[in-house]
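Biologist: I am new to this structure and would love a close look at one part of it. Could you walk me through that part slowly?

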Amino acid sequence: MTPLHHIGNLVRELLLQVPLPVVRALFLAVPIVLLIWVLRLPREVTTSPESSGRAGQNLKYGAALALLIQIAIYSFM
Amino acid sequence: MSLVATDIGGTDIIGVGGAAYTYGMAVGNFEWIGCVPAMIVGAFVFIPFFWRIDVGGIGNLRRELQRIEQSAARHSAEPVSRDGALPGGAPAKPTGNNAEVVQYTELILPVDTATPFPWTGILFGLGLILSLAYWIGNQAIVQRSLGAKSEFEAKAAYVWGAVLKNLIPLIITVPGLIALVKFPDLADGDRAFPSLISVLLPVGLRGIFLAAFLAALMSIVVVSCVTRREPEEKLRYVVGGFQP
């Protein structure tokens, strides 16, 4: 056993103490943080320069849909 | 669609289905948290960057970054950061073996799980490191978006690909779980999907599936030849022309 093994075991023991509901919150935090970031992106980043302004041409909605599905998946499974 | 089709191949249908048979639904993490967040970040942060510096591939990107570094080094005595360098590589694909399985329907497994998918590896290793390396630095993937007509379409490919990715486990993971119910005594998880095909599909459809599966395998072989061996530019175009 090298010192790295001891450090690894210590980290593993610490992570074993984290309750699974907290872990689920961590998993949910990833898409939630990304969703907030995507919704705050300026319009010129998420639309084409030739965009007519229709909602379907704004990538913000597609990205939000993908992330909302992720949130649903990690909330219920 | 092209991005997702590049990522998913014949080996995934057998391998991921087999892993789901052996370890349960947790293997779906590779398509969910292992893809979607990285694709969204890639769409809005990295794809515009690739387009602005007009790269033709990851090899060109590395050369471009080296050129920028050399240029910066000439103009400044300050050391130049290599933070922009993009490593290649793909998320480790699961392989089946006979580990003890406890929770077949759980996505988030404890640190001491009997499967190879503890939450620490999935969240920190797959979700925050490997998926970004794969979706932003893998030649076969990024090349698809660089072939788009415009920067917007490249970004749209990543975003709508991310939406589609949410459905992929239903195609490749769930059959493994169905096989678990129908054939609980298989010795090898990789036999799960073929067993389903041989029992559930009628003779004609079985042949069509086999043809489609072989086509998918050949596609993977060609992509591997084009992207891994780094042949001469001309040869690369010739070989790439045969790619379905």
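Biologist: How close do the axes of helix 3 (residues 36-52) of chain B and helix 7 (residues 151-165) of chain B come, and at what angle do they cross?

Modeller: Happy to help, and please keep in mind that this is a predicted model. The two axes come within 9 Å, and the crossing angle between helix 3 and helix 7 of chain B is roughly 170°. That makes the two helices, helix 3 and helix 7 of chain B, roughly antiparallel, because an angle over 145 degrees counts as such.

Let us look at who meets whom. From helix 3 of chain B come Val36(B), Met39(B), Ile40(B), Gly42(B), Ala43(B), Phe44(B), Ile47(B), Pro48(B) and Trp51(B). On the other side, helix 7 of chain B offers Glu151(B), Ala154(B), Lys155(B), Tyr158(B), Val159(B), Gly161(B), Ala162(B) and Lys165(B). By class, the residues of this contact are 12 nonpolar, 2 polar and 3 charged. A general point helps in reading such lists: an α-helix has 3.6 residues a turn, so residues three or four places apart point the same way.

Met39(B) is a good residue to pause on. Its place is in helix 3 of chain B, and it counts as buried because it has 30 C-beta neighbours inside 10 Å, where 20 or more are needed. Leaving out residues up to four places away in sequence, Met39(B) touches Trp135(B), Tyr158(B), Gly161(B), Ala162(B) and Lys165(B). Take the pair Met39(B) and Lys165(B): they are 126 residues apart in sequence, while their C-alpha atoms are 9.6 Å apart in space.

Ala43(B) links this part to the other chain. Not counting neighbours within four places in sequence, Ala43(B) is in contact with Lys155(B), Tyr158(B) and Val159(B), and also with Leu59(A) and Ala63(A).

Several of these names return in the largest nonpolar core, which has 62 residues. Those with the most contacts inside this core are Ala63(A), Val27(B), Met39(B), Ile40(B), Ala43(B) and Val159(B). Helix 3 of chain B gives the most to the core, with 9 residues.

Now we can step across to chain A. In all, 26 residues of chain A are in contact with 25 residues of chain B. On the side of chain A that touches chain B, helix 1 (3-16), helix 2 (20-39) and helix 4 (59-76) of chain A each supply at least two residues. Helix 4 of chain A has the largest share there, 10 residues. Sorted by class, that side of chain A holds 21 nonpolar, 3 polar and 2 charged residues. Helix 1 of chain A is hardly covered, with 0 buried residues among its 14.

Finally, here is the setting in chain B. Its secondary structure comes to 12 helices and 0 strands, and 37% of its 244 residues count as buried. Among contacts in chain B between residues at least 6 apart in sequence, 74% join residues at least 24 apart. Burial also occurs in a loop: Thr113(B) lies between helix 4 (58-75) and helix 5 (119-137) of chain B, and it is buried, with 21 other C-beta atoms within 10 Å.

Conventions
Residues are numbered from 1 along each chain as its sequence is written. Chains are lettered from A and ligands numbered from 1 in the order in which they are written. This is a predicted model: local features need pLDDT of at least 70, side-chain atom pairs count only at pLDDT 80 or more; totals for chains, interfaces and linings use all residues. Two residues are in contact if their C-beta atoms, placed from the backbone, lie within 7 Å. Helices (H or I, at least four residues) and strands (E, at least two) are DSSP runs, numbered from the N terminus. Ala, Val, Leu, Ile, Met, Phe, Trp, Tyr, Cys and Pro count as nonpolar, Asp, Glu, Lys and Arg as charged, and the others, Gly among them, as polar. Axes are lines fitted to C-alpha atoms, for helices over the stretch in contact, and angles run from 0 to 180 degrees between N-to-C directions. Angles under 35 degrees count as roughly parallel, over 145 as roughly antiparallel, 65 to 115 as roughly perpendicular and the rest as oblique. A nonpolar core is a set of buried Ala, Val, Leu, Ile, Met, Phe, Trp, Tyr and Cys residues joined through C-beta atoms within 7 Å. A residue is buried if 20 or more other C-beta atoms lie within 10 Å of its own, exposed if 12 or fewer, and partly exposed in between; C-beta atoms are placed from the backbone.
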